[in-house]
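Open the model in your viewer and set it to show side chains as sticks. The tour below says what to select at each stop and what is there.

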Amino acid sequence: MRRDNGASCGQVRRRARIMLVLSSGELGGGEETVRLLARHLDRSRYEVSVVCPESPMMRRLEQIEDLQRFTLPFPTTPHLKTVRALAALIRRAQVDILHTHLCLADIYGFLATRLAPVRTLIATIQGNTFFWELEPFPR
């Protein structure tokens with residue numbers, strides 16, 4: 001017999017751990033998408049954390065209850081130090097789903113999951129990433 005949450009009788013299913021990664025902290029469309037996701041994801045089903053640079057965005061995220069926040073700089077040229085730091089956060093938080101936003105976060109997230117594998121990696125295309133020729137790292 002199974003319960004609605006997918007756990008067998010007598011078992012408690014843990015919430016999936018989602019980490020949202022944002023390479024920019026400015027207040028724009030991609031940043032607002034992350035803020036809304038962080039605010040509205042169902043806390044009975046998900047443990048939510050956000051990684052972004054110290055910025056106005058991080059200060060806005062402080063207003064959201066039950067949200068783990070991590071600051072990490074995202075240099076425009078990928079640095080191994082940042083990849084390793086993100087991988088360490090992923091491991092420490094035991095992330096199930098890594099959801100990246102904006103081109104740099106997509107790159108750092110992909111590289112970090114080579115060091116700290118996750119069950120699911122999602123990259124949301126936003127901003128000027130629709131203009132492939134403008135990106136320093138085309139997909």
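Start by selecting Arg14 and Asp96. In this predicted model, the side chains of these two residues form a salt bridge, with N and O 2.9 Å apart. Arg14 belongs to the segment before β1, whereas Asp96 sits in the loop between α3 and β4, so the pair ties together parts that are 82 residues apart in sequence. Are the two partners buried or exposed? Asp96 is buried, at 9% relative accessible area. Arg14 is partly exposed, at 44%. Side chains of opposite charge can pair when their charged atoms come close.

**Other salt bridges**

How many salt bridges does a search of the whole structure find? The count is 8.

Select Glu32 and Arg35 next. Their closest N and O atoms are 2.6 Å apart, and the two form a salt bridge. Both residues are in helix α1 (residues 29-40), where a spacing of 3 residues separates them by about one helical turn. Arg35 is buried, with a relative accessible area of 13%, while Glu32 is partly exposed, with 25%.

Now select Glu54 and Arg59. This salt bridge has its closest N and O atoms 3.6 Å apart. Glu54 counts as exposed, at 53% relative accessibility, and Arg59 as partly exposed, at 44%.

For the last stop of this kind, select Arg15, Arg17, Arg43, Glu47 and Asp66 together. These residues are linked in a network of salt bridges.

**Strands β2 and β3**

Switch to a cartoon view and select β2 (46-52) and β3 (68-71). The two strands pair in the parallel sense, over 4 bridges. To see one position in this pairing, select Val50; its bridge partner in β3 is Arg69. Then add helix α2 (residues 56-61) to the selection: β2, α2 and β3 make a right-handed β-α-β unit.

**Helix α3**

Select residues 80-93, which are helix α3. The helix has 14 residues and reaches 20 Å from its first C-alpha to its last, close to the 20 Å expected at 1.5 Å a residue.

Which residues of α3 are buried? Colour Thr82, Val83, Leu86, Ala87, Leu89, Ile90 and Ala93, which are the buried ones. Turn the view to look down the axis of α3: the buried residues fall within an arc of 160°, so they line one face of the helix. Give Lys81, Arg84 and Arg92 another colour; these three are exposed, on the other side of α3.

What covers the buried residues of α3? The cover includes β1 (16-22), β2, β3, β4 (97-101) and α4 (103-115). Before leaving this helix, select Gln94, which follows α3 and has a positive phi, near 50°.

**Helix α4**

Finish by selecting α4, residues 103-115. Its 13 residues should span 18 Å at 1.5 Å a residue, and the end C-alpha atoms are 19 Å apart, which agrees.

Colour the buried residues of α4 as you did before: Cys103, Leu104, Ala105, Asp106, Ile107, Tyr108, Gly109, Ala112 and Thr113. What covers them includes β1, α3, β4 and β5 (120-124). Show α3 and α4 together to see this from both sides: α4 is part of what covers the buried residues of α3, and α3 is part of what covers those of α4.

Definitions and conventions: Residues numbered from 1 in each chain as written. Predicted model: local features only at pLDDT ≥ 70, side-chain atom pairs only at ≥ 80, totals over all residues. Heavy atoms only, no water. Expected span 1.5 Å × (residues − 1). Buried < 20%, exposed > 50% of the residue type's maximum accessible area, 1.4 Å probe, protein only. Arc of directions from axis to C-beta. Contact = heavy atoms within 4.5 Å. Salt bridge = Lys/Arg side-chain N within 4 Å of Asp/Glu carboxyl O. Pairing = 2+ DSSP bridges. Right-handed = clockwise from strand over helix to strand, strands pointing away.
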